[in-house]
Number of protein chains: 2
Amino acid sequence: MIVISTIRDVAKLAGVSVSTVSRFLNKSGYVNAETERLIKDAIEKLNYSPNEVARGLAGKKTNTIALILPDISNLFFSDLARAVEDVAATYGYTVIFGNSDDQGTKERRYIETLKKKYIDGIIFASNTLSREDSEMLAKLGIPFVCLDRGPSEKNGSVVRSKNKEGAVMAVRHLLDVGCRKIAHIYGPQDLITGKERLNGYVQSVQVFEWYTPTLLEPGDFRIAGGMAATERLLERHPDIDGIFAGNDLMAVGALKALQRRGIAVGCQVAVCGFDGIQTTEITTPELTTIAQPIYEMGAHISRLLIKKIEGVLEEDRIYELDVKLIARDSTLRRKVPNEQG
Amino acid sequence: MIVISTIRDVAKLAGVSVSTVSRFLNKSGYVNAETERLIKDAIEKLNYSPNEVARGLAGKKTNTIALILPDISNLFFSDLARAVEDVAATYGYTVIFGNSDDQGTKERRYIETLKKKYIDGIIFASNTLSREDSEMLAKLGIPFVCLDRGPSEKNGSVVRSKNKEGAVMAVRHLLDVGCRKIAHIYGPQDLITGKERLNGYVQSVQVFEWYTPTLLEPGDFRIAGGMAATERLLERHPDIDGIFAGNDLMAVGALKALQRRGIAVGCQVAVCGFDGIQTTEITTPELTTIAQPIYEMGAHISRLLIKKIEGVLEEDRIYELDVKLIARDSTLRRKVPNEQG
DNA sequence: TGTTGGTGTGGAAACGGTACCATATTGATT
DNA sequence: AATCAATATGGTACCGTTTCCACACCAACA
């Protein structure tokens, strides 16, 4: 067993007081250049590094943040988590993660635990945060930021992308490649992502005479839901030639359902997703999608939280990031323009 | 700002000493039934719950474990992470994660940080842990367990699956569906998964006259690597009718390369992967794979670590979990037996 | 010459728990 | 009546930091 040295050991070896060492470590207050050398040497010799737990207790700062998300095994969130951790590590923060499965109880349990652990701040990528909880956090003085939330409450800063605008882009793209009857599989309406994308779709298509509300079909943001929704759509409207899915997973489901019916994706029916997860490159044909800057969102939200923690930032804001159309083979139709891949 | 109460507040309100409250909280030592009631009431009234940081400092136990993996955005590891967190939460542990990108330096940096934070134990799903590091951890008395490591060193317990056996299963399956010239795209040979799967393949095929070492091609366990390897294989052996890829991502790459050449996957060339990640259900055709029980591995390794932490477990062992063939359309050939899907 | 103000340092009380040790009471045992 | 073990409780040092406060020194300034 190795013996770990403490600040007292350093102080003793350097022949100064504990306070002086502490002042040196934190660059707070005066330390003579000469003394500094002594302390540095002692630290070197003892291979000392400060105990973070003791620091946490004394200073109520643990250099740890938490990331609460619905499910880390969901592609979107694992990408996000990667970004969050990258940025956090850069700033010297450690990341704790928790899966909420979109259940308020689980989320609350995490908050409870995190509070006891003096976590410095929380990122909610989960959307079950209730008003009471957010107020509680505010009262406790725990900084937090949210992903994909509406501006409904005064709940911290929010990072999201231009969902409605993206939906408009998707529809326009489908029209551009020649679609004349476009259906939409929309996501859960308690999620801003589900709602805004639906809004964008409706706004874009309602001017056309072919539009009818039966071209709308609900999905659950998952593959199976996308498949089922597609089946129902084809039942009602065998003549649709374009599907805009509320997210990529449902688009994958649509792809599978179409293929199962022997419908050629791209030629007969064009499919466009939303999110830009890695999986879209894996399907055959590759999936056209409105890509959110997932990594950037994670990096941004993470930086935001850290700024809040360190007091650099005070007012809460909503940040809307740009989305980007990535046209691929799932929307490759007759009138092929000789542009991007 | 809410005022948080301490154990002293509870003691005062209950009219007992701090020690008694502590004894009650930890169920250590005697506490009279009457006193217990008083304490319980006080705790209730003050909405008290013990400060984990102070506990950590006093007891050197933080109820926090760390999960070091190459990249959380990699499907395999995000599945694993989900399992680890689920189990950890059940046992009252919180999970910190870190991306090592398989770089020893990053890994070492995490260890350094975790040590200072009195983390209770570490799971290494990353394979860059050096002998010195593992010895250091042992000296520091920090329990740890590893995923997918060889028994080379005396480094904690190891959880992995039957890689060689799985490779043998893969080859047998390819032969069963009628393949007569099977190539193998192997993974990095510094990983036990890469090595053992290659072993299994070679052992299974070397008895056949068609076998030649040029049917082996290295890959990097990623999609692009799988594509490139497939290209090279087809160059050398245009007549191969089966490909066993060392993991699913490379199998996806093979799929893409074959499709790009207009080769019908399943009919002309059968493809089998290894791992059983979700993505295998998304490709067209769906990918046959040797599935590792990923969730189970994560759950198991996590339970193992917790047992080590709590002293229930002492000797280190290697646990080898069973793999399972999941036959899908990517290996659907002429002689179709009317069995499973 | 007494008063500033910057520089440099140490002592000690927090932070919020745990755990060891001392002490007290009780009923049973010898 | 003395001894003992089980029950019950309190006091306090300790975990390893930070931070506040007191104090000392020195140069400059009025």
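In this predicted model, a polar side-chain atom of A:Thr35 lies 2.5 Å from a phosphate oxygen of DNA strand C. A:Tyr30 also reaches the backbone of the strand. An N or O atom in the A:Tyr30 side chain is 2.8 Å from a phosphate oxygen. Chain B contributes through its main chain. Here a backbone N or O atom of B:Asn51 sits 3.1 Å from a phosphate oxygen of DNA strand C. Several helices supply two or more residues to the surface near this strand. From chain A these are α2 (18-26) and α4 (52-59). From chain B they are α1 (7-14), α2 (18-26) and α4 (52-59). The most residues come from α2(B), which gives 4.

In total, 27 residues surround DNA strand C. The closest are A:Ser17, A:Arg23, A:Thr35, B:Ile7 and B:Arg8. By residue class, the surface near the strand holds 12 nonpolar, 11 polar and 4 charged residues. On the DNA side, sugar or phosphate accounts for 59% of the strand C atoms within 4 Å of the protein. Bases account for the rest.

Attention turns next to the protein interior. In soluble globular proteins, nonpolar side chains tend to be buried together. The largest nonpolar core of this model has 62 residues. Within this core, A:Ile65 and B:Ile65 touch the most other members. Beyond its neighbours within four places in sequence, B:Ile65 is in contact with B:Val84, B:Ala88, B:Tyr93, B:Thr94, B:Val95 and B:Ile96, among others. The contacts of B:Ile65 also include B:Ile119, B:Gly121, B:Ile123, B:Leu305 and B:Ile309.

Notes:
Residues are numbered from 1 along each chain as its sequence is written. Chains are lettered from A and ligands numbered from 1 in the order in which they are written. This is a predicted model: local features need pLDDT of at least 70, side-chain atom pairs count only at pLDDT 80 or more; totals for chains, interfaces and linings use all residues. Side-chain values use heavy atoms; hydrogens and water are left out. A nonpolar core is a set of buried Ala, Val, Leu, Ile, Met, Phe, Trp, Tyr and Cys residues joined through side-chain atoms within 4.5 Å. Buried means under 20% relative accessible area, exposed over 50%, partly exposed in between (1.4 Å probe, protein chains only). Contact means heavy atoms within 4.5 Å. A residue is near a molecule or strand if one of its heavy atoms lies within 4 Å of it. A polar contact is a pair of N or O atoms within 3.5 Å; within protein, one must be able to donate a hydrogen and the other to accept it, and residues adjacent in sequence count only if both atoms are side-chain atoms. Ala, Val, Leu, Ile, Met, Phe, Trp, Tyr, Cys and Pro count as nonpolar, Asp, Glu, Lys and Arg as charged, and the others, Gly among them, as polar.
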